[in-house]
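Welcome! Take a moment to turn the structure around on your screen before reading on. This report starts with a single residue and works outwards.

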Amino acid sequence: MTTLEQDEWGPLSSLPGNPLMWILILSELLVFSAFFVLFAWQRSLDPTLFNAGQMQLDPVLGGVNTLLLLTSGLFAALAVQAITLGDVLRCRRWLALTMLLGLAFCVVKLLEYAAKIAMGLTPETSNFFSYYYLLTAFHLAHVIFGLGLLALAYWKTSLQNLETSTAFWHMVDLIWVMLYPLLYLLR
Amino acid sequence: MRKAFLETGRPAARRLFTTWLTLVALTLLAMWSAQLDPVSRQSSLPVWGFTLVLLGAAYKVQQILLVYLNLRVSSAGWRGSFLALVWVVMVVVWAAYWASLRGLV
């Protein structure tokens, strides 16, 4: 992207990386923020029901998933650093590790869903579980899309592709950091 | 090459690692603050418990924005807007939990 093209983005040109990705990040943050506020408000109306629902979740499993995403975020940042230094091989190695941890997150999440469904806990069980499935499935869809973007960056490795795909990945990481305490820890 | 990297304004590996360590430590601290033993889980968290969990989460989001997403090289307006959004959401969530604990809702 030339300086002239960057200037054409107006105020967005001061943001690092692809400005369109920042528009997406901002819009996703606003959507999830609205959900978080809605969840907290609904929970305050019926804390007993929400606490009882939360008791059925495994906070350690959620914590493991948090650590998986945080570590994948580090690897994604190291991949960008490697490509900036011109080391494509190392960049791809970090990207592969990032995707591996992303896949591990998906596996843990799916195992968690399977355990909950086996216990008869579905979105219809209670208001808490409606939010639980809605928020975590919406987030999981973002993780899967992020993995697709990372795979594209692995295939067509360039600084711009790396910056764009890892920015999305960090956004996915960031949303989970807010989602985890809300669903698993706060009561 | 290294000089060219530093000119991009991206965080160095050392900073990335220390940020990751901070994020992991804050996650473990949040799990401790949330008192996850079966007996404590039966009751609501005290104010200090959910305040610590939310403060930790807000700080972690801030670090991801500033270091991993490298928002610190953007304009003060963008940086301030993103951080303000995160802190406003956290304050609203905190207020909802506080009001619920006090029986105000």
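A:Phe39 counts as buried, because its relative accessibility is 1% and buried means under 20%. Keep in mind as you look that this is a predicted model. A:Phe39 sits in helix H2 of chain A, which covers residues 19-45.

Which residues touch A:Phe39, once its neighbours within four places in sequence are left aside? From chain A, they are A:Phe50, A:Phe128, A:Tyr131, A:Leu135, A:Leu182 and A:Leu183, and chain B adds B:Tyr97. Try finding A:Met178 as well: 139 residues separate A:Phe39 from A:Met178 along the chain, while their C-alpha atoms are 12 Å apart.

**A cavity with a nonpolar lining**

A:Met178 and A:Leu182 come up again when we look for empty space. The structure has 3 cavities of 30 Å³ or more, and the largest cavity holds about 50 Å³ of space. Chain A lines this largest cavity with A:Phe36, A:Met178, A:Pro181 and A:Leu182, and chain B lines it with B:Leu54, B:Val89, B:Met90 and B:Val93. Two elements each give two or more residues to that lining: helix H7 (159-185) of chain A and helix H4 (76-101) of chain B. What classes of residue make up the lining of the largest cavity? There are 8 nonpolar residues, with no polar and no charged ones.

**Where the chains meet**

The cavity lining draws on both chains, which brings us to their interface. The size of an interface is often given as the accessible area lost when the parts come together. Here, about 4700 Å² is buried between chain A and chain B, and carbon and sulfur atoms give 76% of that area. A:Leu85, A:Leu186 and A:Arg187 supply 16% of what chain A buries against chain B, more than any other three residues. In terms of contacts, 54 residues of chain A meet 51 residues of chain B.

**Following one helix of chain B**

Helix H2 of chain B runs over residues 13-33, which makes 21 residues. From its first C-alpha to its last, H2(B) reaches 30 Å, close to the 30 Å expected at 1.5 Å a residue. Several of its residues are buried, among them B:Leu16, B:Leu23, B:Val24, B:Ala30 and B:Met31. What covers the buried residues of H2(B)? The cover includes elements from both chains: helix H4 (59-84) and H7 of chain A, along with helix H3 (47-68) of chain B.

After H2(B) comes B:Gln35, with a positive phi near 45°. B:Gln35 belongs to the loop between H2 and H3 of chain B. Another residue to look at is B:Asn70, which is not a glycine and yet has a positive phi of about 55°. B:Asn70 is found in the loop between H3 and H4 of chain B.

**Four residues by accessibility**

Back in chain A, A:Thr164 is part of helix H7. Leaving aside neighbours within four places in sequence, A:Thr164 touches A:Asn18 and A:Met21. The table sets A:Thr164 beside the residues discussed above.

| Residue | Relative accessibility | Class |
|---|---|---|
| A:Phe39 | 1% | buried |
| B:Asn70 | 8% | buried |
| A:Thr164 | 18% | buried |
| B:Gln35 | 23% | partly exposed |

Is B:Gln35 buried or partly exposed? B:Gln35 counts as partly exposed because its relative accessibility is 23%, and buried means under 20%. A:Thr164, at 18%, is buried.

Definitions and conventions
Residues numbered from 1 in each chain as written. Chains lettered and ligands numbered in written order. Predicted model: local features only at pLDDT ≥ 70, side-chain atom pairs only at ≥ 80, totals over all residues. Heavy atoms only, no water. 1 Å grid on protein atoms, 1.4 Å probe; cavity = no way out; pocket = protein on both sides within 12 Å on 5 of 7 lines; lining within 4 Å. Points joined across faces, edges and corners; volume = space filled by probe spheres on them. Helix = DSSP H or I, 4+ residues; strand = E, 2+ residues; numbered from the N terminus. Nonpolar A, V, L, I, M, F, W, Y, C, P; charged D, E, K, R; others polar. Expected span 1.5 Å × (residues − 1). Buried < 20%, exposed > 50% of the residue type's maximum accessible area, 1.4 Å probe, protein only. Contact = heavy atoms within 4.5 Å. Buried area = accessible area lost by both parts, 1.4 Å probe.
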